[in-house]
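Here is a walk through one protein model, from the whole chain down to a handful of residues. Keep the viewer open and click along.

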Amino acid sequence: MKKTQVMAEFFIRGDNFSPSMITKKLAITPTRTYNKGDILKYNKKGAIETVWEISTGYEESFDINNQLTKIINLIKEKKDILKKIKNRFHVDFGFNVVIEIRNGETPAVHWNKDIIGFANEIGAEFDCDLYIIDGEV
């Protein structure tokens with residue numbers, strides 16, 4: 001039986017920047033990138049923005065901070081570079097948490113002060129997607 005899973009993502013999105021340039025500046029291989037106008041499997045009209053993203057992938061978890069901490073540990077030493085990218089390319093930063101609740105097992109959903117503080121320093125926002133999956137064996 002599958003258990004509750006959490007995925008955390010950090011994304012950079014905007015109208016006009018090069019994902020490969022972000023990869024080079026941060027020296028981090030992204031999980032996913034696409035450019036404005038690219039045709040995506042869930043959007044046949046074309047992407048409305050350019051995105052550079054890193055993700056934990058889905059992991060069994062009962063505390064979203066476990067996954068967010070993994071992502072932040074990848075980028076926390078790059079804070080100054082991120083700020084320069086934000087100012088130069090007028091992009092947005094965000095953290096997305098995706099939770100798949102299974103068997104009624106809900107994870108802790110709170111953001112600890114270290115995560116909030118780092119997000120504030122780089123001007124990032126938070127999104128949270130919640131999916132309740134019933135009837136799986």
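## Charges and surface

Start with the electrostatics: average the positions of the 20 positive charges of the protein, do likewise for the 20 negative ones, and the two mean positions end up 7 Å apart. Bear in mind that this is a predicted model, so every value here is computed from predicted coordinates.

As for the surface, the accessible area of the protein comes to about 8,100 Å², and carbon and sulfur atoms own 49% of that. On the inside, 42% of the 137 residues count as buried.

## Overall fold

The protein has 4 helices and 6 strands. Read from the N terminus, the elements go β-α-β-β-β-α-α-β-α-β. The radius of gyration is 16 Å, close to the 14 Å that the globule rule gives for 137 residues, so the protein is as compact as a globular protein of that length.

If you like boxes, the C-alpha atoms fill one of roughly 45 × 40 × 20 Å along the principal axes. Sequence separation is worth a look too: take the contacts with a separation of 6 or more, and 75% of them come from residues 24 or more positions apart.

## Two positive phi angles

Now for some backbone geometry. Most residues other than glycine have a negative phi. Which phi does alanine 27 have? Its value is positive, about 55 degrees, although alanine 27 is not a glycine. You'll find alanine 27 in the loop between helix H1 (19–26) and strand E2 (32–34). With a relative accessibility of 63%, alanine 27 clears the 50% cut-off and therefore counts as exposed.

Asparagine 103 is another residue other than glycine with a positive phi, near 60 degrees. The loop that holds asparagine 103 runs between strand E5 (92–102) and helix H4 (113–122). Its relative accessible area is 39%, so asparagine 103 is partly exposed.

## Around serine 55

Serine 55 sits in strand E3, which covers residues 50–55. What does its side chain reach? The partner is the backbone nitrogen of glycine 57, at 2.9 Å.

Leaving out residues up to four places away in sequence, serine 55 touches Met7, Ala8, Glu9, Thr31 and Ile71.

## Lysine 36 and its partners

Lysine 36 belongs to the loop between E2 and E3. Is it buried or partly exposed? At 45% relative accessibility, lysine 36 counts as partly exposed. Its side chain makes a polar contact with the side chain of aspartate 15, at 3.4 Å.

Aspartate 15 also appears among the residues that lysine 36 touches, together with Ala47, Ile48, Glu49 and Thr50, once residues up to four places away in sequence are set aside. For one of these, alanine 47, there is a backbone distance as well: the C-alpha atoms of lysine 36 and alanine 47 are separated by 5.0 Å, with their positions 11 residues apart along the chain.

## Aspartate 129 in strand E6

Aspartate 129 lies in strand E6, residues 124–133. Its relative accessibility is 28%, so aspartate 129 counts as partly exposed. Which residues does aspartate 129 touch, not counting those up to four places away in sequence? They are Asn96, Val97, Val98 and Ile99.

With asparagine 96 there is a polar contact, side chain to side chain, at 3.5 Å. For another reference distance, try leucine 68: its C-alpha atom is separated by 14 Å from that of aspartate 129, and the two are 61 residues apart along the chain.

## Isoleucine 116 in helix H4

Last stop: isoleucine 116, found in helix H4. Its relative accessible area of 43% makes isoleucine 116 partly exposed.

To get a feel for distances across the model, pick isoleucine 116 and lysine 24. They are 92 residues apart in sequence, and C-alpha to C-alpha they are 26 Å apart in space.

Key. Residues numbered from 1 in each chain as written. Predicted model: local features only at pLDDT ≥ 70, side-chain atom pairs only at ≥ 80, totals over all residues. Heavy atoms only, no water. Helix = DSSP H or I, 4+ residues; strand = E, 2+ residues; numbered from the N terminus. Rg over C-alpha atoms; globule rule 2.2 N^0.38 Å. Buried < 20%, exposed > 50% of the residue type's maximum accessible area, 1.4 Å probe, protein only. Contact = heavy atoms within 4.5 Å. Areas by Shrake-Rupley, 256 points an atom, 1.4 Å probe, with all protein chains shown as cover. Lys, Arg positive; Asp, Glu negative; His and termini not counted. Charge placed at Lys NZ, Arg CZ, Asp CG, Glu CD. Polar contact = N/O pair within 3.5 Å; in protein donor to acceptor, adjacent residues only side chain to side chain.
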